[in-house]
Structures are given as structure tokens and as C-alpha cells.
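Colleague: Got a minute to go through this model with me? I'd like to start with the charged pairs and then wander a bit.

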Amino acid sequence: MENWTGTLRLDVEERQGKTVAKNVYFQGALKVMRPVYHDDSGQACYYILNPGGGYLDGDSYNLQFSLKEKSKLTLTTQSATKVYKTPNQPAYQETEFILKKGSYLEYIPDPLIMYRNARYKQKNVIRMEQGATLIYSDIITPGWSPDGEQFSYDQLQLMNEVYMDDELVMYDHIKLNPAEQDMKAIGFMEGYTHLGSMIVIGEQTNADLLDRLYNSMNHDENEYKMGLSMLPVKGFTIRVLANKTQTIERLFTECHQIISEAWFNTKPSFLRKY
């Protein structure tokens, strides 16, 4: 695809125990802030910015991130990704992540908010080498509509492909089509309005960690439903159905803390801007 609305390239590497940018390039409606170092671990945190304020009809975005060996990177957004009415063409975002051996990526964006008559398609391709570690999450939130309808957006499609040493090890495809489907039905959202997904891949993964994560939740089905699944490689996925963004954020924060303490003996930094 040519004529992207916004493009972003970020390559990072480890230098003397600190992760720094090797190459940064952005054009159009995408930018990144200068890196933030929340502690003395050397892990860099970049905030992705969209000066346009939201995704509109036919917008297209292309992002590429590369982590060299032993680099540690946190990626997040400055605010929620808001997709507005798209009467002619859906908004589209394509992102590629390349993780070399020993690198560590946390990709924890703010929620994706789908407004009335919005259509959005997103594709993430994650290419990892053995020994790389990944924590990825996303949250889908229905936006406000004049009539109060929770599923006033038309279509949402999210695709995640994860490759380990060039072999496809995970393919996740979520497609919601409220314009033609009953989202409250069994097999869809089942009475909930918000959807959260987390992908965790790391060689330290074991059954004890999953037991700790599962037992840490109160499993109040009036508030949310949650499921954990092992992957073919050392890793797992978490899926949450809820009625509030804050509920999913709280659950994912708890999971992130447990993983960070178990794997790195650290606590993750607070990333939100509010």
C-alpha cells in the first residue's frame, strides 16, 4: 500500500546496558516522543503519538519496530486510538515487530475505541528469534453513540501473526461485525461489551506461572469472564470479556506485575497518562 497516512520506523539496540535508538523515522500522522527511562534497568519506553487525534475514513498506517539482541523496549500510546465514522473505506493499520535473541518487548497501547459507523482493520506481524520475550495486550472499547447503543460500530478486524525462527506459531483473528451480527449472542460477546487480549511469550513460561495468574483473579462472572490458553511455544494468551475498560486494565496490570516479578524480579512501570 502506498501513500500511508502515517509511517513510523524505530530500531533499538543495547549499548553498555542501556537500550537506545539506532534509527528513528516518522512521517505524516505518526510520531514518537523522546525515550523515557523509568528506572535504572536501561529499558527504554517510547510513546507513540497520532497528532491527527483519531483514525478517519480511509486512513492507513504502517509501523515497524526492530529490537536488536539484549535490547529492552516498552511501547505504548499517548492516548486511546479512536476510530471514527468510515463511510467509504475502513481505517487500516499494519505493524511489524522484529525481536532478536535476548530482546524484550512490552507493547501495551491504550484502548482502541470504535465509534458509531466505524470500520477498522489491524494486522500485527511479530517475528521472534528463540530467546526473545514478548508481552502484548490490546483492549477493544465501544465508543459513545447518540442512541446509547453499545455496538454502533460496523466492523472490526484484528489479526496477529507470531513467527518463531520464521515458523508460524500463533495466528489470532478476531472479527466483529455488529452491522450484521448480534454481538450479545452466544459465541460472540455473550452480554459483555469490552474485549481484552494479552499475548505472552517467553522461555520462562511454565504451568506454575499460569496457576499463579489464574488463582490471582476473583473470577466474578458478573464483572468479567477470563480464559488462559497455552501456546505451541513457551507462552500463553489471555482473553477477557468485561463491561468496563478499567476492569480489563486492572486484570492485565495484575498479570503484568506477576510476570515481571517472576521473570525479572521487577515491577512494571505505570504507563498511563491519567
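**Salt bridges first**

Modeller: The count comes to eight salt bridges, a salt bridge being a side-chain nitrogen of Lys or Arg within 4 Å of a carboxyl oxygen of Asp or Glu. Keep in mind that this is a predicted model, where local features need pLDDT of at least 70, side-chain atom pairs count only at pLDDT 80 or more, and totals for chains, interfaces and linings use all residues. Residues are numbered from 1 along each chain as its sequence is written, and side-chain values use heavy atoms, with hydrogens and water left out.

Colleague: Ok, which residue does Asp 172 meet in a salt bridge?

Modeller: Arg 239, with 2.8 Å from N to O. Asp 172 sits in strand 14 and Arg 239 in strand 17 (residues 235-242), so this pair ties together parts 67 residues apart in sequence. Helices (H or I, at least four residues) and strands (E, at least two) are DSSP runs, numbered from the N terminus.

Colleague: Is Asp 172 buried or exposed?

Modeller: Asp 172 is buried, at a relative accessible area of 12%. Arg 239 counts as partly exposed, at 33%. Buried means under 20% relative accessible area, exposed means over 50%, and partly exposed is in between (1.4 Å probe, protein chains only).

Colleague: And what about Glu 161, which side chain does that one meet?

Modeller: Glu 161 makes a salt bridge with Lys 123, 3.9 Å from N to O. That pair also links distant parts of the chain: Glu 161 is in strand 13 (residues 155-164) and Lys 123 in strand 11 (residues 119-128), 38 residues apart. Glu 161 is buried at 13% relative accessible area, while Lys 123 is partly exposed at 25%.

Colleague: How many residues apart are Arg 250 and Glu 254 in helix 2?

Modeller: Four, about one turn of the helix, and helix 2 covers residues 245-264. Their closest N and O atoms are 3.8 Å apart, in a salt bridge. Both partners are partly exposed, Arg 250 at 33% and Glu 254 at 26%. Salt bridges with shared partners join Glu 223, Arg 250 and Glu 254 into one network.

Colleague: Switching to cysteines. How many disulfides does a search of the whole structure find?

Modeller: Zero. To count as a disulfide, a pair of cysteine sulfur atoms has to be within 2.5 Å.

Colleague: Why is there no bond for Cys 45?

Modeller: Because the closest cysteine sulfur, in Cys 255, is 20 Å from the sulfur of Cys 45, too far for a bond. Cys 45 is buried, with a relative accessible area of 1%, and Cys 255 is buried too, at 0%.

Colleague: What does Cys 45 stand opposite in strand 6?

Modeller: Thr 74. Strand 4 and strand 6 (residues 72-77) pair in the parallel sense over five bridges; two strands pair if DSSP finds at least two bridges between them. On top of that, strand 3 (residues 31-32) and strand 4 pair in the antiparallel sense over two bridges, with Ile 48 as the bridge partner of Val 32.

Colleague: How many residues of strand 4 are buried?

Modeller: Six of its six, across residues 44-49. Both faces are covered: Ala 44, Tyr 46 and Ile 48 are on one side, with Cys 45, Tyr 47 and Leu 49 on the other.

Colleague: Then there's that open sheet of seven strands. What order does it have?

Modeller: The order is 2-1-5-8-11-13-14, and the pairing is mixed. Strand 2 (18-28) and strand 14 (167-176) are the edge strands, each pairing on one side only. Within this sheet, strand 5 (residues 60-67) and strand 8 (residues 91-99) pair in the parallel sense over eight bridges, and Leu 63 stands opposite Thr 95 in strand 8.

Colleague: Last one. Which residues touch the most other members of the largest nonpolar core?

Modeller: Of its 50 residues, the ones touching the most other members are Leu 73, Leu 75, Leu 105, Tyr 120, Met 128, Leu 134 and Leu 156. Another core, of 22 residues, lies apart from it and includes Leu 210, Met 217, Ile 238 and Ala 242. A nonpolar core is a set of buried Ala, Val, Leu, Ile, Met, Phe, Trp, Tyr and Cys residues joined through side-chain atoms within 4.5 Å.
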